Amino acid sequence: KQWYQRRVAITAGKNKRAQVQEKLAGKIPESLSEKFDFVRDISIVGGGSDKRGETVMEYITSNVPDCDTEDPELKDIVLSSVGTYYNDSFLVDDISEENESLLIANGWTCELTQENLRMWKKFIPEESVSLYKIFGTFDTISAAEFYNAQVNDQYRSVWDKSVSSLYVVDSITNNREIVYWSTKFPFPLQDRDYVFERSHSMDMASLKLEIANRSITHKSKPISSKFVRVAKYGSKLVIHGNKDLFQKGMSYCLTYYDDFGMPIPNQVKDKFANSKIPEFLEKVHDAALYLGATGKLYIPYPEPPKKRR
């Protein structure tokens with residue numbers, strides 16, 4: 001019953017956003033900044049000048065001067081956005097193919113080499129965070145199966161024993177949602193939780209699937225004393241099919257960073273990453289094998305990304 005009520009609420013919010021977008025459609029300029037595109041699609045910006053420099057309504061009126069700021073539906077959307085915003089700059093770069101010269105030139109160093117996997121690391125001192133970039137291949141699963149294993153939240157709660165809770169908070173579009181994830185940490189460390197935006201894209205022409213996660217503060221999921229909230233988190237997974245997206249044989253590039261919210265020596269972080277990230281990817285592979293064998297590919301494939309206005 002709770003799941004059904006949450007889905008009804010999500011659908012209602014999505015429909016209301018669509019109605020307001022339709023009202024504004026005739027007034028939106030041909031070329032808009034990424035920020036307004038984000039506001040228009042997801043209705044999320046900071047709750048004050050300390051987060052975004054101007055409110056949603058101020059931004060809309062500066063770009064759409066003749067819009068009706070007294071429109072009750074528009075005011076409701078603007079009000080609902082207060083208290084929800086990205087936590088930090090998205091630190092993930094666009095390098096998704098293993099070109100050693102390019103990686104080294106951009107500050108990456110190779111940390112680990114295995115039979116079907118190579119892991120690179122980059123430290124960003126001003127953010128006090130390490131990024132990891134993993135290139136790998138699997139011959140026994142398809143790109144679509146690997147993708148499904150990543151976004152099938154219900155099944156991940158089965159195969160990933162570190163998951164306490166994992167579910168969609170708000171479904172914005174067919175290829176964008178807000179996700180809540182709580183995870184178990186070994187004693188004496190306190191368990192962690194995350195709130196992040198997850199976006200998907202699919203390009204059949206280039207045989208590519210993409211999943212990007214970015215930490216976000218969402219007013220429906222306030223910080224709980226039961227968990228340490230991970231405020232700085234981001235990842236991008238680029239999956240390529242060798243022949244197509246559905247035949248066996250694929251490669252991937254995973255770029256990832258995660259600030260645990262406590263002082264941990266870099267050597268300990270690196271040791272943890274060198275063991276846990278490859279272990280996690282093997283579990284994803286096994287989950288993808290299961291989903292492919294049983295035909296349980298019931299998470300919809302992502303729609304192609306929309307063209308920018």
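**Figure 1. Overall view of the predicted model, with its contacts, surface and confidence.** Among contacts between residues at least 6 apart in sequence, 63% join residues at least 24 apart. The predicted protein contains eight helices and eleven strands, and 47% of its 309 residues are buried. Its accessible surface amounts to about 16,000 Å², with carbon and sulfur atoms contributing 53%. The mean pLDDT is 77, and a value of 70 or more is reached by 68% of the residues.

**Figure 2. Segments of low and high confidence in the protein.** Helix α2 (residues 34-42) has the lowest confidence, with a mean pLDDT of 41, whereas helix α5 (residues 100-105) has the highest, at 96. Over residues 28-54 pLDDT stays under 50, and the model has 66 contacts beyond four places in sequence for this segment. Residues 1-10 likewise stay under 50; for these residues the model has seven contacts beyond four places in sequence.

**Figure 3. Close-up of helix α8 (residues 266-294) and its surroundings.** The 29 residues of α8 reach 41 Å from the first C-alpha to the last, close to the 42 Å expected at 1.5 Å a residue. A bend of about 25° occurs in α8 at A273, and A273 is itself among the buried residues of the helix. Others that are buried in α8 include D270, I277, P278, L281, V284 and H285. The cover over the buried residues of α8 includes strands β2 (109-114), β3 (117-124), β4 (129-142) and β11 (248-258), together with helices α6 (143-151) and α7 (153-159). After α8 comes G295, with a positive phi near 75°.

**Figure 4. Close-up of the largest nonpolar core.** This core holds 31 residues, of which I134, F146, I239, M250, Y252 and L281 touch the most other members. Two or more residues each come from β3, β4, α6, α7, β8 (208-217), β10 (233-241), β11 and α8. The greatest contribution is that of α8, with seven residues. Leaving aside neighbours within four places in sequence, Y252 is in contact with residues that include I134, F146, I239 and L281. Further contacts of Y252 include L117, the run F135, G136, T137 and F138, and the pair L237 and V238.

**Figure 5. Close-up of Y257 in strand β11.** A second, separate core of twelve residues includes Y257, along with L103, W108 and C253. Y257 counts as buried because its relative accessibility is 0%, under the 20% limit. Not counting residues up to four places away in sequence, Y257 touches D88, S89, F90, L91 and V92, then V129, S130 and L131, and also K232, Y233 and G234. The C-alpha atom of Y257 is separated by 10.0 Å from that of R214, 43 residues away along the chain.

**Figure 6. Close-up of two loop residues with positive phi, S128 and L207.** Most residues other than glycine have a negative phi. S128, in the loop between β3 and β4, has a positive phi of about 55° although it is not a glycine. S128 counts as partly exposed because its relative accessibility is 45%, between the limits of 20% and 50%. L207, which is not a glycine either, also has a positive phi of about 55°; its place is in the loop between β7 (192-203) and β8.

Conventions: Residues numbered from 1 in each chain as written. Predicted model: local features only at pLDDT ≥ 70, side-chain atom pairs only at ≥ 80, totals over all residues. Heavy atoms only, no water. pLDDT = per-residue confidence, 0-100. Helix = DSSP H or I, 4+ residues; strand = E, 2+ residues; numbered from the N terminus. Contact = heavy atoms within 4.5 Å. Expected span 1.5 Å × (residues − 1). Bend = angle between axes of the 7 residues up to and from the residue. Buried < 20%, exposed > 50% of the residue type's maximum accessible area, 1.4 Å probe, protein only. Areas by Shrake-Rupley, 256 points an atom, 1.4 Å probe, with all protein chains shown as cover. Core = buried A, V, L, I, M, F, W, Y, C linked by side-chain atoms within 4.5 Å.
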